[in-house]
Amino acid sequence: MNNFEFMAPTKLIFGKDTIKRVKDEIPKDKKILMTYGGGSIRKNGVYKQVMEALSEHNVVEFGGIEPNPKYETLMKAVEIVKNENIDFLLAVGGGSTLDGTKFIAAASKFEGDPWDILIKGAEIKDAIPLADIITLPATGSEMNCGAVISRLSTNEKFPFMSPLVYPKFSIIDPTTTYSLPEKQTVNGIVDTYVHTMEQYATCEVNTPLQDEWMLGLIKTLMVEGKKVLKNPNDYEARANVFWCATCGLNYWMSLGCVQDWSTHMIGHELTALYGIDHGESLAVVLPRVWKNRKCDKMRKLAKMAVEIFGANEFLPKNILADITIKKTKKFFESIGRRTKLADYGIDRADAAKKISERFRQRGTVLGEKCNIGPDEVYEILMHC
């Protein structure tokens, strides 16, 4: 097991009828910028609940944060923060709204060009406090300090992290997910699955407890996810899926482990260049990354075949690894997520050429062993 440090500063408020708690968590002397997306919070009643709870607070609104939040949009919010002397941010909606709000929090205090936070990894020295009412189980952004931001003008998508953008608190009411379109529910399940696998399916560094935690999450997600798709108003299933999503990327499962994240980095480029959903890109890329790096990941994939998919433990490890790859692909397809680039109208040769060249120009290498370079990315995408 590798050395690690762990901090979990976010207060989590989970369960039915918890949105009203927001009024007690934000001091009344704070001027709040409430951020949200395309308006779904008005349709599902969340907006009304939040505004009623904050009736005694000073609230300014900023709507229109996109899925895959755009730098250009977020910089408009930064201007409002500065002009209105905002001193607290409240994200209401899904992970994209929260990711965007984390960037607003950092960019509003940044000295220099905020794009440097993303393109150069510039140090964040200060940020406006933020919190969230999260309504979509997927990204785990409600309990971590990371975010992913896109730039429309350059068709690029980059992550950033800073302990200064941990939410002060996150409110999760699973009933807010009842009205989610099935596509978003499925994308969230895929995102959570792949988050967990980016931390689990790597080379072996003797982390048996963490491995069991992650396999337990996957077992739960697969069972409860199908329950949700069968009955969208099943509260217990919704709650379990949401908790899986939160735990899938709040860092505690991967303590002492090595991590991959190559599927996400390749997927980000597919989203930036071709506009497919994040969850769609992950379902396409993950099985092919595993196939390409099977030797590195064989022991973990073999263990998963036995414990998750019920394979015979006495089979050779390479065969067990192949079973996990095939069964994972089959699971994605069983919940309605297609797994080939052609399914989304994307030419694999075009994608392989463009994305591998982007990584070549940036000098990017991926994977837990830093052995996935532009040539490997090309090969992976040619098999998608």
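In what follows, Ala, Val, Leu, Ile, Met, Phe, Trp, Tyr, Cys and Pro count as nonpolar, Asp, Glu, Lys and Arg as charged, and the others, Gly among them, as polar. With these classes in hand, the structure, which is a predicted model, can be toured from its inner spaces to its cores.

A good place to begin is the enclosed space. Rolling a probe the size of a water molecule over the atoms shows where empty space is left. The count of cavities of 30 Å³ or more comes to one. The volume of the largest cavity is about 30 Å³, and its lining consists of Leu136, Pro137, Leu180, Gln184, Thr185, Arg238 and Val241. Two or more of these lining residues come from each of α7 (182–200) and α9 (235–248). Sorted by class, the lining of the largest cavity holds four nonpolar residues, two polar ones and one charged.

Attention can now turn to helix α5, which covers residues 95–107. At 1.5 Å a residue, its 13 residues should span 18 Å, and the end C-alpha atoms of α5 are indeed 18 Å apart, so expectation and model agree. Twelve of the 13 residues of α5 are buried, which means that the helix is largely enclosed by the rest of the structure. Among the buried residues are Gly95, Asp99, Lys102, Phe103 and Ile104.

Two of these names return in the largest nonpolar core. This core has 39 residues, and Leu33, Leu89, Phe103, Ile104, Leu118 and Phe160 touch the most other members. At least two residues of this core are supplied by each of β3 (58–62), α4 (71–84), β4 (88–93), α5, α6 (115–119), β5 (130–134), β6 (146–151) and β7 (156–161). Beyond its neighbours within four places in sequence, Phe103 contacts Tyr71, Leu74, Met75, Pro114, Ile117, Leu118, Ile149 and Phe160. A second core, separate from the one above, has 35 residues, including Val190, Cys257, Leu301 and Met304. In soluble globular proteins, nonpolar side chains tend to be buried together.

Finally, there is an open space to visit. The second largest pocket contains about 210 Å³ of space. Of the 16 residues that line this pocket, Ile117, Leu118, Gly121, Phe158 and Pro159 lie nearest its centre. Leu118 thus appears both here and among the core residues that touch the most other members. The elements α6, β7, α10 (262–274) and α14 (348–362) each provide at least two lining residues, with β7 giving the most, five residues. The lining of the second largest pocket divides into ten nonpolar, two polar and four charged residues.

Definitions and conventions
Residues numbered from 1 in each chain as written. Predicted model: local features only at pLDDT ≥ 70, side-chain atom pairs only at ≥ 80, totals over all residues. Heavy atoms only, no water. 1 Å grid on protein atoms, 1.4 Å probe; cavity = no way out; pocket = protein on both sides within 12 Å on 5 of 7 lines; lining within 4 Å. Points joined across faces, edges and corners; volume = space filled by probe spheres on them. Helix = DSSP H or I, 4+ residues; strand = E, 2+ residues; numbered from the N terminus. Expected span 1.5 Å × (residues − 1). Buried < 20%, exposed > 50% of the residue type's maximum accessible area, 1.4 Å probe, protein only. Core = buried A, V, L, I, M, F, W, Y, C linked by side-chain atoms within 4.5 Å. Contact = heavy atoms within 4.5 Å.
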